[in-house]
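I am opening my notebook on a protein chain that I have not looked at before. I want to go from the overall layout to the inside, and then to how individual elements meet.

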Amino acid sequence: LYYIKEVGEDKLDLIIIVGNTQSLSPEGQYLLCKDVLDYVKPFDISRIFTLGGMATGQPVENPKVFGAATHEEDVELLKEAGIEIRSNDGGIVGASGLFLGLAVRQGLHGSCLMGETPGYFIDAESAEAILNKLSYLLNFEINVDKLEERAEETRQMIAKAQQMEQDLINKA
């Protein structure tokens with residue numbers, strides 16, 4: 001958990017919560033999200049953003065960012081940022097979706113940004129796309145230079161794997 005005061009031109013206070021795992025059960029997911037929202041409540045927050053991936057199972061060249069929001073005015077803000085609004089073709093799984101559902105019950109505005117990703121590796125390119133949209137929404141610059149380096153490494157790794165696969169096919 002990171003607490004950063006007066007960020008950007010709008011002097012926003014941010015609480016950033018990161019994690020690389022989620023609870024394994026629905027009950028655990030619910031308890032985790034509830035406890036986090038209870039923890040941040042004294043900070044008098046009014047809006048939350050959750051970030052995640054939307055797996056395609058296929059390589060993605062230029063990842064799109066999809067979004068969902070709890071309030072119509074937030075949907076409009078997402079659209080202004082060039083974020084494609086998710087239709088009702090599927091839910092947002094895990095904490096990213098549950099936070100929104102629990103937050104709206106507490107009177108908070110919530111938005112989820114999901115980067116299009118193959119889903120089978122840590123996708124720095126998708127993360128960069130998400131952070132660029134979040135940067136726009138929050139009206140301050142987020143340095144994504146390290147992610148760009150990581151994205152290039154990932155592109156090289158994928159190209160190498162594809163070449164190995166092609167070599168195997170050619171030998172068969």
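**Entry 1, layout.** I began by following the chain from the N terminus, and I wrote down the order of its elements as β-β-α-β-β-α-β-α-β-α-α. Counting by kind, I have five helices and six strands in the protein chain. I note here that this is a predicted model, and I keep that in mind for every entry below.

**Entry 2, overall extent.** I looked up the box that the C-alpha atoms fill along the principal axes, and it is roughly 65 × 40 × 30 Å. The protein chain has 172 residues, of which 32% count as buried. I then turned to contacts between residues at least 6 apart in sequence, and found that 68% of them join residues at least 24 apart.

**Entry 3, the start of the chain.** I found that β1, residues 2–7, and β2, residues 12–16, pair in the antiparallel sense over four bridges. One bridge that I noted links Val-7 with its partner Leu-12 in β2. Four residues lie between the two strands of this hairpin, and there Gly-8 takes a positive phi near 75°.

**Entry 4, the cores.** Which residues of the largest nonpolar core touch the most other members? I listed Cys-33, Leu-37, Ile-48, Phe-99, Ala-103, Leu-108 and Met-114, out of 14 residues in that core. At least two residues of the core come from each of α1 (26–40), β3 (47–55), α3 (95–105) and β6 (109–117), and α3 gives the most, with five residues. Apart from this core I found another one, of 12 residues, which includes Leu-14, Ala-81, Leu-113 and Leu-134. I added a general remark to myself that in soluble globular proteins nonpolar side chains tend to be buried together.

**Entry 5, one core residue.** I picked Met-114 and set aside its neighbours within four places in sequence, after which its contacts include Gly-52, Gly-53 and Met-54, then Lys-64, Val-65, Phe-66, Gly-67 and Ala-68, and also Arg-86, Ile-92 and Ile-130.

**Entry 6, two helices.** How do α1 and α3 pack, at what angle and with their axes how far apart? I read an angle of about 55° and a distance of 10 Å between the axes. Angles between 35 and 65 degrees fall outside the parallel and perpendicular ranges, and so I call α1 oblique to α3. The crossing of these two helices is right-handed. Where they meet, α1 brings Gln-29, Tyr-30, Cys-33, Lys-34, Val-36 and Leu-37, while α3 brings Ala-95, Leu-98, Phe-99, Leu-102 and Ala-103.

Key: Residues numbered from 1 in each chain as written. Predicted model: local features only at pLDDT ≥ 70, side-chain atom pairs only at ≥ 80, totals over all residues. Heavy atoms only, no water. Core = buried A, V, L, I, M, F, W, Y, C linked by side-chain atoms within 4.5 Å. Buried < 20%, exposed > 50% of the residue type's maximum accessible area, 1.4 Å probe, protein only. Contact = heavy atoms within 4.5 Å. Pairing = 2+ DSSP bridges. Axes fitted to C-alpha atoms, helices over the stretch in contact; angles between N-to-C directions. Parallel < 35°, antiparallel > 145°, perpendicular 65-115°, else oblique. Left-handed = near helix turned anticlockwise from the far one by under 90°.
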